[in-house]
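New notebook page. I wanted to look up what packs together inside this chain and which charged side chains pair up.

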Amino acid sequence: LYNTACMLSLDGDKRGALDYLERSVLAGFGSADKLREDDDLDNIRSEPRYRELIQLAEDLELPDLPQRGWHDKWGARSSRARRTQEWREAADEIQVMTQKHPRIGRAWFNLGFARLEAGQPEEALRAFEKALELNHRRPTTMYNLACTYSLLDRKEQAFDWLFKAIEAGFDSSGTLRSDDDLDNLRGDPRYRQALRLADKRDRGDHDDEEDD
């Protein structure tokens, strides 16, 4: 979407470029700095809507904070506590963005992500449900719902959303293998079934036959 916006801008189609630029921001391309610096967008810089999209991109950017699974050199407990607190503060700020942009799925997705990082899965659940309702990145949002239910140790719902995510196109078996959020599911036979299905989709094998 972003590359199409750049192409249309270079071709002189300002309206088309702005339409695709907006779509790219809503879909997840969120670097306001990239929008400011990219020479391909020079033809639309004087447009008021371009400036509005810069602001929107800023509103929808996630903060550059350490995430769970990232460890400092010593893995200090104080550092983990500080990271959690920083994400809680960030989540409160992102909550404001959902009020400013209540019909934008990416804002709710960001809130779900931040609430997970802040150790608040119940709040994350509601945010991801809203993002899905608004059709934002459906496979990834479904996967994050699976992760959230797993962290809540609600395995039935977690597996339900995990299989829905894979069927919808979330096909990264590597993510399933490495994601700590799914630790509560690993001893269940359905986890291995999900891995097999994800492996098949990674290979491009989308038939509906069951593994023996």
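I started with D160, which is partly exposed, with a relative accessible area of 37%. A note to self before going on: I'm working from a predicted model.

**Entry: the pair on α9**
D160 has a salt-bridge partner, K164, and their closest N and O atoms are 3.5 Å apart. I found both residues in helix α9, 4 residues apart, which is about one turn of the helix. K164 is partly exposed too, at a relative accessible area of 36%.

**Entry: α9 and the core**
Since I was on α9 already, I checked what else this helix does. It gives the most to the largest nonpolar core, with 7 residues. That core has 41 residues. Among those with the most contacts inside it I noted W87, Y143, W161 and L162, along with I166. The elements that give two or more residues to this core include α5 (77-100), α8 (138-151) and α11 (189-202).

I picked I166 for a closer look. Which residues does I166 touch, leaving aside its neighbours within four places in sequence? I got L176, A194, L197, A198 and R201.

There is also a second, separate core, this one of 20 residues. I wrote down C6, V25, I54 and A107 as some of its members.

**Entry: more charged pairs**
How many salt bridges does the structure hold? The count is 16. A reminder I put in the margin: side chains of opposite charge can pair when their charged atoms come close.

The next one I looked up was R186 with D183, where the closest N and O atoms are 2.8 Å apart. R186 is partly exposed, with a relative accessible area of 23%. D183 is partly exposed as well, and its value is 43%.

Then I went to E47 and K14, whose side chains meet in a salt bridge at 3.6 Å, N to O. This pair links distant parts of the chain, with the two positions 33 residues apart: E47 is in the loop between α3 (32-37) and α4 (48-59), while K14 is in helix α2 (residues 14-27). I checked the surface values here as well. E47 is partly exposed at 23% relative accessible area, and K14 is partly exposed at 36%.

Last lookup of the day: D19, E22 and R49 are linked in a network of salt bridges.

Key:
Residues are numbered from 1 along each chain as its sequence is written. This is a predicted model: local features need pLDDT of at least 70, side-chain atom pairs count only at pLDDT 80 or more; totals for chains, interfaces and linings use all residues. Side-chain values use heavy atoms; hydrogens and water are left out. A nonpolar core is a set of buried Ala, Val, Leu, Ile, Met, Phe, Trp, Tyr and Cys residues joined through side-chain atoms within 4.5 Å. Buried means under 20% relative accessible area, exposed over 50%, partly exposed in between (1.4 Å probe, protein chains only). Contact means heavy atoms within 4.5 Å. A salt bridge is a side-chain nitrogen of Lys or Arg within 4 Å of a carboxyl oxygen of Asp or Glu.
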